[in-house]
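Thank you for asking me to look through this structure with a newcomer in mind. My remarks are set out as numbered points, to be read with the structure open alongside.

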Amino acid sequence: MSVADVAEGKDYSFPKEEEKILELWERLDAFKEQLRRTEGKPEYIFYDGPPFATGLPHYGHILAGTLKDIVTRFASATGHHVTRRFGWDCHGLPVEYEIDKKLNIKSRDDVLKMGIGTYNEECRSIVMRYSKEWEKTVQRLGRWIDFQNDYKTLDPSFMESVWWVFSQLYAKGLVYRGFKVMPFSTACSTPLSNFEAGLNYKDVSDPAVMVSFPVIDDPQGASLVAWTTTPWTLPSNVALCVHPELVYVRARDPEKGKVYIVAEARLAALPGAVPKPKKGAKKDEKPEGGFEILSKCAGKDLVGLRYTPLFDFFAPLAAAAGAQKGAFRVVSDTYVTDDSGTGIVHQVGFSYGCSPPAFGEDDYRVCLAHHVCEKGESLPCPVDLNGRFTDEVPPFQGMHVKDADKEIVAAIKAAGRLVDNASLTHSYPFCWRSDTPLIYRAVPSWFVRVEEIKERLLHNNTLTYWVPAYVKEKRFHNWLENAHDWAVSRSRFWGTPIPIWASEDGEEVVCIGSKEELEQRTGEKITDLHRHFIDHLTIPSSRPGQPPLRRVDDVFDCWFESGSMPYGQLHYPFENKELFENNFPADFVAEGLDQTRGWFYTLMVLSTALFDKPAFKHLVCNGLVLASDGKKMSKRLKNYPDPNEVIDKYGADALRLYLINSPVVRAETLRFKEEGVFAVVKDVFLPWYNAYRFLVQNMLRLEMETGSRFTPTPLEQLKPTNVLDRWIGAASRSLISYVDTEMRAYRLYTVVPYLVKFIDSLTNVYVRYNRKRLKGAKGLEDTTTALSCLFNVLLDVCKVMAPFTPFLTEAMYQNLRAALPPGAPESVHWCDFPATVAAHEGDDRIQQSVDRMQRVIELGRTIRERRNRPLKSPLTRLIVVHDDAAFLDDIKGELREYVESELNVRSLEVCANPLQYASLRAQPDWQVLGKKLGKSMGAVAAAIKDLTADQILAFEKSGSIKLAGFDIDASEIKVIRDFQVPAGMTADDIDANGDGEVLAVLDLRVDESLLSAGLAREMVNRFQKLRKTAGLVVADKVDIFYEPDSEAGAASLGAIVSEHAEYLRESLGVNPLPASLRPASGVVIAREKTTIGGGAADGGAAAPPVGFTAVLATPAATLVKGALAAACGGGEEVAEAVAVVVASRDLAALQAEAAAGGGAVTVKVNGQAVKLTVGKELFFSASASVGSS
């Protein structure tokens, strides 16, 4: 079997070919077969964080999925068995929120009226709403993961493992029930954990009001002034808090006659408190106005003062005169600050609060400490679970708290208690699901004692490896260091019920750890663990005569479930016990940066609490994908292209590589731009594909020429002598070693740029510079070696790139496999990653030399561009200046022909003296050194500028120098090479370009021989373009002819063809011939009128234009007149008759007859037999007859 020809790059549709690969994988059952082939190999455990299927996948999911696919494909290719199961988050707020919108549910009571069973089944009906769309998108992206054997958090087996996790924490004393001020979502009627509250902060403008609280029985009629950005909390005010050590002042407002008490440091915040100079006042004129300071005292001296509440809704709670308990008193605590507000904080007891988030808990703590409230007492809580005021505050009843701000401020103003009304823009938490403002409310909840295991969390974090490391060391470490106890319960319905059954008095509590235990305790058969299947079940009390225990009302926070996925997905410990325990922690997890406070955190908390281990060994954290304008992607704004449309347009491979080769893999943000995906196709895939196509075409050409199947020489048997063959071998070994090392370190952000650079070198150096060799210009053996080198490299590139671009590598491999020995794996994804091979002797040198050669070529091209000397115009010589003798030996030796060809120069010279063509000078890097040296910069800068050429050269070799008492390194000095025109030449004759290391010098002078060579190069260009226009491929043989436009043109073209015959034959494969030599039987394939020459370059000489018609024709049998006449015995009529017969014969049949006749054909005419010998009288193309007479 031989490789098949492939379409031209412009006709190759990456998306359509990817769909063919999907069909191939389905036929092969490729993913499952890969799993079967790796059975018995070491397990590589990967945890897939479960998404919700209530929404469609977006670029964030695609990015994370691509990261996971790359790492797990690599693990499989490097000798591991990698189980990959997709998971679904099925419970919690995201699902309930959708149902609430669908059914217009406004409150918890609406659910209870409907029935929890009905509500939960509605939730169940939508949890997998978009699962098929997810599966289709994920598979179209080329990600291999098991959807048939997926896990769902709603499965009874998963829920049972969650129960086991909780029961283990409960048994360890890590679970408790308590009241705590927590972030509360009024839209979802449930508390949120601290990390959930941190997921969605926004800058908002809120009212900022100062309110007066008259002190009861104060002789001066003074009022305490408090400040708040949440006026809606003021109806529930129960106390005012001061700092015991801060200084407070009594200040009289002379205009209003009122006396205010505030922190001394905050007096200026009160309107009119500070005197202001009049407009146009003189400098020594004293400003008028301002408050009068009556007295000062410490905050502790204010403690115990009673004040008149704003509203009388809760007047019965007021403290009696001299009492040490009760409401509407001044209390003290050190959490109060004087950096904002008035230094007096209004307290709302334990029921709810919404001062800055941390203060909610302080309110509760301070009120308890000062007996404003007592545990278990009924205290002001005039806000229901939906965030609306209750009938306890009639003027605002039914209003949502945030909507009530204006009404409350108006009421305060009407009562004469409003001191100031302003606004403040600040960062405020919003519900991550409903996108509504949170409030802070004290609610009963079940907690996990995270603070108790904090030290173990911090220790276990040190055992993990994160990419990038700073996310672990800073962001995640800081989060763990400040972790609070975790509220794991939610007052909701659709979730895993908390498995606690308790007596009414709370004295008897049972925590259930399994379905079997619940069945034993209740005597009921359990089929489902959701609320509506178990809430009615009771457990008999162990205390005689007491009512049975009933399940508590709450369900688990869905984050507790996702943190339990390592256990739930395997139904541990009820099944797969050995599999789990032998492979925990997991080898790898990956999600977005936001999960440092989400899934990564819950995984770590639960694994530490259960096993005192981290849940994972390695973690890759990606950044956020934003719209091209830097804003969050929004369906409403339509500020990003649909992922499916991008895939249909450019292919999944292009999208994958674009995302992975971006800052987002380093946990930074990416502004998604569709043109970036197109650039991957244009700049990476097409050149790579064209290199592959060029290999295939020349393999087919060689097979046609030799008549036998091309079998590439195995890599280990290749002994290449050509410099570029050795170079690409060395570069390939470096690639494999580098990718293997970096992938094992999970540094994808270093791998992809290296891969892209290698492909660029493969296409733009190896293939480009070796085109003639690969086409057979240097004989069969050399061509076979070159094609074998390219084949082996492309095969290795397919295997190395397979995890990153699974479709294109599979498409290439499927064709290349035809040239491999029988038994080669049927998919590139079943192949092992190429083995790392030790570098060969000379690998480093040849790679460095070729890299420098390429830089020389780029420098030379730049000179040509700026001096308007196109590459078609030959130049006399190039001088390469460098002080590395080994490099100069390489470039004037094995690499010479490539430089001369690419820059179209007649000769290449080298120079080891950098001062022969340039002068050196040094300049300080002002920005770098300025920060380091300060005032000493001037002296050091002068010393740098005074450095001699020899000193600069010595500095470049050593990398450092001591100047004016300071050690200066290479990054702090800029070395500048100024080109010097050699003696006897002008700036028009010569030019140079350098990159700080190597200098390229081009001689720009032109003579007649260079002009002629330039015309020959143009001639080659015209015929090659005509071949492409005609749609010919490498294997298509044609004869080439030219029809001059004039006699002078005929002479010019004849001279060019004669003088540059070897170059033309090497470049075109055949010699161009005058059209008069075209055999009559040769069929014209294409013809085009064209011109070469003309147009002076940068004032230089130019060859006169020569016009001609370029002609391509099929090869035809050609007879040499003189030799034919001799074979015919001198008879002209016989010779003409033989020519007619030969012209009428099919060329292939004639060739076959000659092969059978020992290289001769016999033609009978007029009773005479004429023997025609191939290569003497008879040739099978006009070009082959050149030189015969």
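The points below take up the nonpolar cores and then the salt bridges.

1. A reader should keep in mind from the outset that this is a predicted model.

2. The largest nonpolar core has 227 residues, and the members that touch the most other members are Phe-560, Leu-655, Phe-685, Tyr-766, Met-853 and Leu-878. Helix 22, which spans residues 674–706, gives this core its largest share, namely 15 residues. The core also draws at least three residues from domain 2 (679–737 + 748–840) and at least three from domain 3 (854–1003).

3. Phe-560 is a good residue to select on screen when exploring that core. Once its neighbours within four places in sequence are set aside, Phe-560 is in contact with Val-162, Val-165, Phe-166 and Leu-169, and also with Val-448, Trp-486, Val-488 and Leu-606. Separate from the largest core is a second one of 52 residues, whose members include Ala-327, Phe-396, Ile-408 and Ile-439.

4. How many salt bridges does a search of the whole structure find? The search finds 74, and a few of them are described here one by one. In general terms, side chains of opposite charge can pair when their charged atoms come close.

5. One salt bridge joins the side chains of Asp-69 and Arg-656, with an N to O distance of 2.9 Å. Because Asp-69 lies in helix 3 (residues 59–77) and Arg-656 in helix 21 (residues 652–660), this pair ties together parts that are 587 residues apart in sequence. Asp-69 counts as buried, at 0% relative accessibility, and Arg-656 is buried as well, with a relative accessible area of 1%.

6. Another salt bridge brings together the side chains of Arg-866 and Asp-991, at 3.2 Å from N to O. Here the pair ties together parts that are 125 residues apart in sequence, because Arg-866 lies in helix 28 (residues 843–866) and Asp-991 in strand 34 (residues 990–994). Arg-866 counts as partly exposed at 44% relative accessibility, whereas Asp-991 is buried, with a relative accessible area of 11%.

7. Arg-1005 forms a salt bridge with Asp-1003, and the closest N and O atoms of this pair are 2.7 Å apart. Is Arg-1005 buried or partly exposed? At 39% relative accessibility, Arg-1005 counts as partly exposed, while Asp-1003 counts as buried at 2%.

8. Finally, Asp-851, Arg-852, Arg-855, Asp-884, Asp-995 and Glu-997 are joined into one network by salt bridges that share partners.

Methods
Residues are numbered from 1 along each chain as its sequence is written. This is a predicted model: local features need pLDDT of at least 70, side-chain atom pairs count only at pLDDT 80 or more; totals for chains, interfaces and linings use all residues. Side-chain values use heavy atoms; hydrogens and water are left out. A nonpolar core is a set of buried Ala, Val, Leu, Ile, Met, Phe, Trp, Tyr and Cys residues joined through side-chain atoms within 4.5 Å. Buried means under 20% relative accessible area, exposed over 50%, partly exposed in between (1.4 Å probe, protein chains only). Helices (H or I, at least four residues) and strands (E, at least two) are DSSP runs, numbered from the N terminus. Domain bounds come from an automatic or database domain assignment. Contact means heavy atoms within 4.5 Å. A salt bridge is a side-chain nitrogen of Lys or Arg within 4 Å of a carboxyl oxygen of Asp or Glu.
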